[in-house]
Amino acid sequence: MTSALAQVLDHSVVVFSKNYLPISRVNIKRAIALMVTGKAEALDLTDETAWLVRSPNLVIAVPQHIRLTIASTERIWKVPPVNRREVLKRDNHSCQYCGSNKHLTLDHVIPVSKGGQHKWDNVVTACEPCNQRKRDRTPSEANMPLHTKPKAPMHPTVAFAENFWHNENACSQ
């Protein structure tokens, strides 16, 4: 494999649904397979040039964006349960009060004793010292503001689309 081909194969392509919603990012090989089998078509969203990939019988221009021509059935995705593993993953394994990643526990933002529930918008990751310091108080009562507002995880496709459009807007400014 030549180095030029290897450099091309290192790139990825954004895949849009039939309804023009960004749904994922795939490698060049997968994009070529989708285009050659007729499951996707080139989508020219920018003025940048496509990558040329040559084989003995075919030269294909792989764009940075492709659109599926087949209707894909949406997989059912449920919001995961509120448990230690999922909350740690959402909070990037760091205390939401001080940023530490040692001796992590779960903390109810509004304590259960004060009517707080065990739900995504009320449970955060906290290190033991911060959890003990906060005790049975709200963050404002303890003068311990949260780094991020807790919320339920979103569907992976929605998260990808949100991130894609945010990055596109940042690049165009």
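This briefing looks at a four-stranded sheet, the helix across it and one buried methionine. The model is predicted, so local features need pLDDT of at least 70 and side-chain atom pairs count only at pLDDT 80 or more, while totals for chains, interfaces and linings use all residues. Residues are numbered from 1 along each chain as its sequence is written, and side-chain values use heavy atoms, with hydrogens and water left out.

**The sheet**
- Four strands make an open, mixed sheet in the order E2-E1-E6-E3; strands (E, at least two residues) and helices (H or I, at least four) are DSSP runs, numbered from the N terminus.
- E2 (22–27) and E3 (40–42) are the edge strands, each with a single partner, so one side of each has no neighbour in the sheet.
- From one strand to the next, the twist averages 35°.
- E1 (residues 12–16) pairs with E2 in the antiparallel sense over five bridges; pairing requires at least two DSSP bridges between two strands.
- Phenylalanine 16 has proline 22, in E2, as its bridge partner.

**The helix across it**
- Helix H2 (residues 28–36) lies across E1, E2, E3 and E6 (65–68), at about 110° to E2.
- Angles run from 0 to 180 degrees between N-to-C directions, with axes fitted to C-alpha atoms, for helices over the stretch in contact (heavy atoms within 4.5 Å).

**Methionine 144**
- Methionine 144 sits in the loop between H5 (139–142) and H6 (156–172).
- Its relative accessibility is 3%, so methionine 144 counts as buried (under 20% relative accessible area; exposed is over 50%, partly exposed in between; 1.4 Å probe, protein chains only).
- Beyond neighbours within four places in sequence, methionine 144 contacts Tyr97, Cys130, Arg133, Lys134 and Pro139.
- Arginine 133 is 11 residues away along the chain, with a C-alpha separation from methionine 144 of 9.1 Å.
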